[in-house]
Amino acid sequence: MPTRLEMGSAGKLGDAGRSMRRAPSAAVAAGLATVAQPVAVSRDELRSLVEAVIGSLEGDLTGSDLKLYTELEALARFIQTAKQEIAAVRPDTIRTEDIPAAADELDAVVGATEEATNLIMDTCEQLQALAGGLDEQARTQIESACIRIFEACNFQDITGQRISKVVRTLKHIEERVAAMLDAFGDEIARLQAQQPTAPASVPPVKSANADSALLHGPQLPEDAKRQDEIDAILASFG
Amino acid sequence: MAVDKNMPILIVDDYKTMLRIIRNLLKQLGFDNVDEASDGSSALQRLRDKPFGLVISDWNMEPMTGLQLLKEVRADAKLKHIPFIMVTAESKTENVIAAKEAGVTNYIVKPFNAETLKQKMVAVFGNF
């Protein structure tokens with residue numbers, strides 16, 4: 001004859017249910033309804049009820065599932081942190097300000113070296129013309145020196161090609177940053193609004209505008225003032 | 001047979017500075033009859049308009065590279081006999097092989113000097 005157990009309330013059984021942190025199945029709910037009031041439950045009925053609860057969990061949450069969910073959660077946190085750090089370095093300004101500014105500076109380097117190289121070659125040609133009026137030994141020496149200067153001017157072509165490669169690389173980076181921003185949609189802008197300053201682990205990117213705080217370093221040609229303009233400004237102070 | 005120092009030479013480069021350097025080095029070697037082209041297409045047109053004794057071309061040009069120009073020259077029955085010296089900063093083995101397979105006469109790596117240019121021209125035309 002089965003021993004009858006007194007069940008005072010559903011709370012006793014509910015402890016097990018809460019530890020499983022899931023909604024009961026219909027069978028379990030029916031069982032819970034049965035024990036919702038103080039009733040006598042037979043051992044067989046209780047066994048049946050527990051088996052129903054365990055059975056309802058089968059296939060839902062195994063140990064490997066739990067490990068997988070934990071890993072996924074860690075991954076999600078990592079991605080979120082990465083997004084925040086990306087937002088902190090302000091990739092939009094890298095694309096719209098920093099990279100174009102760097103490309104402009106490099107273009108200016110090429111332009112300046114080309115200008116200087118042509119001036120050097122102009123001067124060499126003047127020397128060669130002047131050497132025509134000298135005796136043969138002096139003329140030969142000057143011709144030889146001028147040729148060495150012309151040979152050295154090769155550097156400008158090589159430098160220009162190398163800088164062009166750097167500019168192409170910057171352009172590629174700019175495109176990848178743009179693609180990344182497109183992939184994130186509005187999320188980067190939202191994160192930037194939430195976290196306007198970079199975290200300590202991510203150094204802030206120097207803005208092109210930061211140059212305004214520096215007195216050293218050449219300006220781009222279109223921004224630069226000529227010496228006579230500077231003199232005029234100074235003269236205007238009287 | 002002595003080389004004709006008055007033969008027309010076409011130099012091709014999209015960098016004006018480089019054209020000027022090569023022109024001056026050729027002048028130093030005694031070659032004054034030099035024409036210039038700033039890209040492969042205009043070089044090809046000049047070659048078809050006037051007989052040249054030598055082409056000295058940069059490799060790195062757009063849209064037609066020096067290699068493409070070389071292939072066009074070698075594919076043209078009237079031009080394919082013209083000696084073609086490639087001047088380039090690209091000294092990778094595969095590039096040299098590609099140029100050789102396309103029929104390049106000689107190959108100069110930048111930066112170069114008047115002596116190197118002379119050596120390559122001697123290799124093409126004999127001593128001068």
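A:Leu72 is partly exposed, with a relative accessible area of 44%. That value comes from a predicted model. Why partly exposed, rather than buried or exposed? Because buried means under 20% and exposed means over 50%, the class in between applies, and A:Leu72 has 44%.

Where does A:Leu72 lie? It lies in helix H4 of chain A, which spans residues 63-88. A:Leu72 also belongs to a nonpolar surface patch. Its partners there are A:Leu68, A:Tyr69, A:Leu75, A:Phe78 and A:Ile79. Together these residues make a patch of about 620 Å².

Now turn to the contact between the chains. The size of an interface is often given as the accessible area lost when the parts come together. Here chain A and chain B bury about 1700 Å² between them. Carbon and sulfur atoms account for 49% of that area. A:Asn154, A:Asp157 and A:Gln161 supply 31% of the area that chain A buries against chain B. No other three residues supply more. In residue terms, the contact takes 20 from chain A and 18 from chain B.

Next come the polar links. There are 3 salt bridges between chain A and chain B. One salt bridge pairs B:Arg20 with A:Asp122, and their closest N and O atoms are 2.3 Å apart. Across the interface, 8 residue pairs are in polar contact, both residues at pLDDT 80 or more.

Which helices of chain A supply at least two residues each to the side that touches chain B? They are H5 (91-131), H6 (136-152) and H7 (154-184). The largest share of that side, 8 residues, comes from H5(A).

Conventions:
Residues numbered from 1 in each chain as written. Chains lettered and ligands numbered in written order. Predicted model: local features only at pLDDT ≥ 70, side-chain atom pairs only at ≥ 80, totals over all residues. Heavy atoms only, no water. Patch = residues over 30% accessible without salt bridge, like charges linked within 9 Å, V, L, I, M, F, W, Y side chains within 5 Å. Areas by Shrake-Rupley, 256 points an atom, 1.4 Å probe, with all protein chains shown as cover. Salt bridge = Lys/Arg side-chain N within 4 Å of Asp/Glu carboxyl O. Helix = DSSP H or I, 4+ residues; strand = E, 2+ residues; numbered from the N terminus. Buried < 20%, exposed > 50% of the residue type's maximum accessible area, 1.4 Å probe, protein only. Contact = heavy atoms within 4.5 Å. Buried area = accessible area lost by both parts, 1.4 Å probe. Polar contact = N/O pair within 3.5 Å; in protein donor to acceptor, adjacent residues only side chain to side chain.
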